Amino acid sequence: MDTRTLGRTGRTVSVIGLGTWQLGADWGDVTEADATAVLAASVDAGVTFFDTADVYGDGRSEQIIGHFLEHGAPGVDITVATKMGRRVDQLPENYVLDNFRAWTERSRRNLGTETLDLVQLHCPPSAVIDSGEVYDALDTLVDDGVIANYGVSVETCEQALTAIARPGIATVQIILNAFRLKPLDEVVPAARAAGVGIIARVPLASGLLTGKYTRETVFAENDHRNFNRDGSAFDVGETFSGVDYETGLTAANEFSALVPEGLTPAQAALAWVAQIDGVSSVIPGARSVKQAQGNASAGAVPALPIEFMEGVQSIYDRLLRESIHDRW
């Protein structure tokens, strides 16, 4: 497993991390035993970075991670990033120090730690990312020893660039995958120049890039891929990376045909993101031990051939660029 420095945190983390939204049971039911097995398999495969949030399963994801670190992997050097801000209405006036204190206190209890490694604002409104008072409040939490570092999870490249310009920002989390290339234009270079880490989320486009989905695929009733295809429940850019599902299936078939021999489409998709200069860690989710092991193996894939890289760009230019632009 390759490792990288996680931006301004200075921490060394695995280039393939683990996103744990699914451990909160927001991608269909996941038992606590299965969730714990996924965490253990990931660590055994070299993963040293977990990403969670206080709203994943209303804290269930954080709690499972906290219990695992205490009882299943004591002494293992795992960096845990959580997120806050989605437990209230998305109004700038809710992003204040008193709420930050309450939210981080809850996450500290859930994770069983005195100091949170990294806290990210969870896709807040642009006005929050623009606010100097917000960063002053976050600096206060650092000074108090409640959090060690802070970052922002964003929806747009413009938000990312605003956050990167802030001196206290350690990381920016953004959607980045073979179907979403826009961050490569400005965001990744700006972050690299500033020493800010890029955490790449939705690296498999909610599973499209695994090549396993068809028009007949049925998702569980409580799986966001079932109820949020059009962005009606939350941001339109999150589920399937903002790509129209039918268009995404066509692109996924072309992507699978590009994959070098010896790799699965999922491994190739993850390796593609992980090999971008400036990306600190890629955070695919996993609902099974097999998925966790397969994802982690992408962190040791040799440099992908130029033909594959050119093919990814071609798919994006021909099939996706206009589709994503229209939806956004």
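**Note on the predicted model**

1. E133 belongs to helix α5, which covers residues 132-143. Helices here are DSSP runs of H or I with at least four residues, strands are runs of E with at least two, and both are numbered from the N terminus. At 60% relative accessibility, E133 counts as exposed; the classes are buried for under 20% relative accessible area, exposed for over 50%, and partly exposed in between, with a 1.4 Å probe and protein chains only. E133 gathers with D136, D139 and D143 in a surface patch of negative charge. Such patches are made of residues with over 30% relative accessible area and no salt bridge, like charges being joined within 9 Å and nonpolar side chains (Val, Leu, Ile, Met, Phe, Trp, Tyr) within 5 Å. Asp and Glu count as negative and Lys and Arg as positive, while His and the chain ends are not counted; the place of a charge is NZ of Lys, CZ of Arg, CG of Asp or CD of Glu.

2. On the basis of the note: this is a predicted model, in which local features need pLDDT of at least 70 and side-chain atom pairs count only at pLDDT 80 or more, whereas totals for chains, interfaces and linings use all residues. Residues are numbered from 1 along each chain as its sequence is written, and side-chain values use heavy atoms, with hydrogens and water left out.

3. The protein contains 12 helices and 10 strands. Of its 328 residues, 54% count as buried. The exposed surface comes to about 13,200 Å², of which carbon and sulfur atoms supply 48%; accessible areas come from the Shrake-Rupley method with a 1.4 Å probe, and for residues only the protein chains shown count as cover. Among contacts (heavy atoms within 4.5 Å) between residues at least 6 apart in sequence, 78% join residues at least 24 apart.

4. Helix α10 is mostly covered, with 10 of its 10 residues buried. Among them are P265, L270, W272 and V273. Q267 is found in this helix, which spans residues 265-274, and Q267 is buried, with a relative accessible area of 15%. Leaving aside residues up to four places away in sequence, Q267 touches G262, G294, S297 and A298.

5. The whole structure holds 13 salt bridges, a salt bridge being a side-chain nitrogen of Lys or Arg within 4 Å of a carboxyl oxygen of Asp or Glu. In one of these, D58 pairs with R87, and the closest N and O atoms are 2.7 Å apart. This pair links distant parts of the chain, 29 residues apart: D58 is in the loop between β4 (49-51) and α2 (60-72), and R87 in the loop between β5 (79-84) and α3 (97-111). R87 is partly exposed, with a relative accessible area of 35%.

6. Another salt bridge joins E155 to R201, with 3.4 Å between the closest N and O atoms. The two residues are 46 apart, E155 in the loop between β7 (150-153) and α6 (157-164) and R201 in strand β9 (residues 197-201). E155 is buried at 12% relative accessible area, and R201 counts as buried at 5% relative accessibility.

7. D277 and R192 form a salt bridge whose closest N and O atoms are 3.8 Å apart. They stand 85 residues apart along the chain, D277 in the loop between α10 and β10 (279-282) and R192 in helix α7 (residues 187-194). D277 is exposed at 54% relative accessible area, whereas R192 is partly exposed at 40%. In addition, E105, R108, R109 and E114 are joined into one network by salt bridges that share partners.

8. Two backbone angles deserve a reader's attention. Most residues other than glycine have a negative phi. A205, although not a glycine, has a positive phi of about 50°, and S206 has a positive phi near 55°. A205 lies in the loop between β9 and α8 (224-227), and S206 is found in the loop between β9 and α8 as well. A205 counts as buried at 0% relative accessibility, and S206 counts as buried at 5%.

9. E307, in helix α12 (residues 306-327), is exposed with a relative accessible area of 54%. The C-alpha atoms of E307 and L258 are 8.3 Å apart, with their positions 49 residues apart in sequence.
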